[in-house]
Amino acid sequence: MTRTAVVNDYNHPQPGATSTLTLDEKVAWEIRHNGIQRPQGYTVSFHANPEVEKMHFGPKHPMKPWRLTLTNKLVLAYGMHDAMDMYRPRAAEYDEMIKYHKDDYIDFLRTITPKDKLEIENNQWPYNMGDDCPVFDGLYGYCSLYSGASLDAARKVTNNQSDIAINWSGGLHHAKKAEASGFCYINDIVLAILQLLYYHPRVLYIDLDVHHGDGVEQAFWSTDRVMTLSLHKYDKFQFFPGTGGMDDAGPRNNANPGAHHSLNVPLQDGIHDDEYIQLFKDVMDPCIATYQPTAVVIQCGGDSLGGDRLGCFNLNIRAHGACVEYTKRLNLPMLVLGGGGYTPRNVARLWAHETSVCIGTNLHPSLPSHTPFIEHFAPDKTLYPDLSHPARYDNKNSDKYLRDIVENIHEQLRYVEGSPSVQLQHVPPDLGALREEIEREIEQEKEAGDFGRRKKERGAGGRGEYAH
């Protein structure tokens with residue numbers, strides 16, 4: 001009987017023979033092929049916590065956090081992570097969220113579960129919860145995760161660790177101080193802008209979502225330290241939220257600091273690429289010249305793309321991205337956030353493209369063959385599908401109407417007497433950043449083996465106090 005070896009020698013596979021190494025090699029090829037490299041002269045950071053991707057609003061709800069999975073897979077497949085600082089941010093804490101929102105509302109979000117019976121008063125769910133804003137498993141975790149990512153991005157900007165900070169899970173612009181609205185529960189944009197205002201005297205907020213950015217506008221209604229500019233579809237009675245008309249520019253009383261600081265570009269159905277890009281430039285230029293912001297926040301809602309499940313424009317991905325590119329050229333600290341978008345494959349394409357805009361590279365239109373879930377981008381499997389032909393909506397924006405919008409913006413800005421002068425003699429403490437700094441210093445002290453002595457020299461409360 002012939003003897004056979006029971007144990008064979010293990011032959012280690014050569015480089016490229018395993019699936020992991022093969023994937024690494026493919027990504028490396030994409031990096032070279034697309035010319036991806038770290039930007040020269042500025043830093044881009046990418047803030048994403050994969051836990052937020054697991055949340056589910058319900059089988060029939062149009063909001064699909066899974067679009068973030070598709071986005072992040074495209075970013076990684078192209079190798080764009082190689083050009084950015086990648087962060088997995090922590091969840092926002094209770095004390096951070098009540099810097100804007102009412103504590104009883106946050107308490108409600110923290111404790112409510114799908115099993116709880118909500119009492120209806122005057123045909124209204126509490127805190128405007130309901131079909132648009134359902135209670136689902138992990139709701140509070142979802143809110144704190146996307147809000148924490150926006151806060152982390154804002155802190156990286158204010159700490160000069162990043163010049164452009166991206167959080168595609170954020171941009172939920174409809175949430176109000178004490179209620180949910182339009183699929184939005186916590187207004188992470190407001191929290192992030194408040195963070196920026198610790199250091200920046202003037203912040204310009206730009207909203208590219210097809211829906212009016214009413215929650216952010218409302219939050220900063222009475223201040224001149226934030227100017228909001230929203231480009232959106234407007235129909236007072238037939239399109240959510242029914243606000244943001246041409247004459248809505250802030251408080252009516254000119255003595256209110258916020259008067260003429262809430263600018264709106266109300267559009268009709270079917271606007272196309274060239275008109276949209278030109279309109280954006282025509283309204284942006286006077287805003288920048290008059291207001292002179294020191295930081296910019298741009299909300300990149302993908303529902304303004306052609307073919308969106310809830311949208312009504314005929315925009316292509318490159319046209320939407322051209323607005324981000326134009327804003328980037330201002331060379332101001334910039335926070336880039338997500339928002340609406342209800343055709344997940346196109347939202348992922350858009351945000352991957354706009355990530356490439358931020359890092360200053362041109363991506364090959366053919367999606368990398370190793371992209372996970374690439375079947376969701378079939379049949380063309382391209383980054384830039386034609387979303388405007390055939391057009392789903394006729395263009396109802398006449399040349400005269402668009403000129404009237406631009407003239408109205410100029411008229412509103414005529415009342416803005418230059419940029420507000422803000423004396424930042426006392427900057428309120430940024431407790432979140434302070435805590436992170438202290439924790440980092442403690443870790444460094446531990447590594448140096450000198451923790452015992454120096455613990456007494458630096459207290460948690462302030463210099464010269466002992467930690468208790």
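Select His232 and Pro266 to begin: proline 266, in E6, is the bridge partner of histidine 232. The model on screen is predicted. Now widen the selection to E5 and E6. These strands run parallel and are joined by six bridges.

**E6, at the edge**

Colour residues 262-267. Six of the six residues of E6 are buried, so the strand is largely enclosed by the rest of the structure. Look along the strand. Ser262, Asn264 and Pro266 point one way, while Leu263, Val265 and Leu267 point the other way. In a regular strand, side chains alternate between the two faces of the sheet.

**The whole sheet**

Now show every strand. What is the strand order of the open sheet? It reads E2-E1-E3-E8-E7-E4-E5-E6, eight strands with parallel pairing. Strand E2 (85-87) and strand E6 (262-267) stand at the edges with a single partner strand each, so one side of each has no neighbour in the sheet. Neighbouring strands are turned by 15° against each other on average, direction ignored.

Go to the E2 edge. Strand E1, residues 44-47, pairs with E2 in the parallel sense over three bridges. Pick histidine 47 there: its bridge partner in E2 is tyrosine 87. Next, add helix H11, residues 399-414. H11 packs on the sheet and touches strand E5 (226-233) and E6. The direction of H11 makes about 175° with that of E6.

**E7 and its neighbours**

Select residues 295-299, strand E7. Five of its five residues are buried. Which residues cover the two faces of E7? Ala295, Val297 and Gln299 lie on one side, with Val296 and Ile298 on the other.

Add strand E4, residues 203-207. Five bridges join E4 to E7, and the two run parallel. Isoleucine 206 has isoleucine 298 as its bridge partner in E7. Then add strand E8, residues 334-337. E7 and E8 also run parallel, joined by four bridges. Here isoleucine 298 stands opposite valine 336. Put helix H9, residues 317-328, on display as well. E7, H9 and E8 make a right-handed β-α-β unit.

**A covered helix**

Move to helix H6, residues 188-196. Eight of its nine residues are buried. Among them are Ile189, Val190, Leu191, Ile193 and Leu196. Asp188 and Gln195 are buried too.

**Cavities**

How many cavities of 30 Å³ or more does a search of the whole structure find? There are five. The largest cavity holds about 70 Å³ of space. To find it, select Phe46, His47, Ala48, Asn49, Val52, Glu53, Leu68, Asn72, Asn167, Trp168 and Ser169, which line it. E1 and helix H2 (67-78) are the elements that give two or more residues to this lining.

**Arginine 38**

Stay close to the start of the chain and pick Arg38, in the loop between helix H1 (19-33) and E1. Arginine 38 counts as partly exposed, at 37% relative accessibility. Show its surroundings. Setting aside residues up to four places away in sequence, arginine 38 touches Thr43, Asp82, Ala83, Met84 and Asp85. Arginine 38 and aspartate 82 are 44 residues apart along the chain, yet their C-alpha atoms are separated by 7.1 Å.

**Backbone stops**

Four loop sites come next.

- Phe240 and Pro241: a cis peptide bond joins them, with omega about -5°. Proline 241 lies in the loop between E5 and E6.
- Ala378 and Pro379: this pair is also joined by a cis peptide bond, with omega about 5°. Proline 379 sits in the loop between helix H10 (344-359) and H11.
- Tyr127: phi is positive, about 55°, although the residue is not a glycine. Tyrosine 127 belongs to the loop between helix H4 (103-111) and helix H5 (139-158). It is partly exposed, with a relative accessible area of 25%.
- Gln292: phi is near 50°, again a positive value in a residue other than glycine. Glutamine 292 is in the loop between helix H8 (273-291) and E7. At 44% relative accessibility, glutamine 292 counts as partly exposed.

**Zoom out**

Show the full chain. It has 13 helices and eight strands. Of its 468 residues, 52% count as buried. Among contacts with a separation of 6 or more, 78% are between residues 24 or more positions apart.

Conventions:
Residues are numbered from 1 along each chain as its sequence is written. This is a predicted model: local features need pLDDT of at least 70, side-chain atom pairs count only at pLDDT 80 or more; totals for chains, interfaces and linings use all residues. Side-chain values use heavy atoms; hydrogens and water are left out. Two strands pair if DSSP finds at least two bridges between them. Axes are lines fitted to C-alpha atoms, for helices over the stretch in contact, and angles run from 0 to 180 degrees between N-to-C directions. Contact means heavy atoms within 4.5 Å. Buried means under 20% relative accessible area, exposed over 50%, partly exposed in between (1.4 Å probe, protein chains only). A crossover is right-handed if, with the strands pointing away from the viewer, the path from the first strand over the helix to the second runs clockwise. On a 1 Å grid over the protein atoms alone, a cavity is a set of points where a 1.4 Å probe fits but cannot get out, and a pocket is an open set with protein on both sides within 12 Å along at least five of seven lines; lining residues have an atom within 4 Å of a point. Grid points are joined across faces, edges and corners, and a volume is the space filled by probe spheres set on the points.
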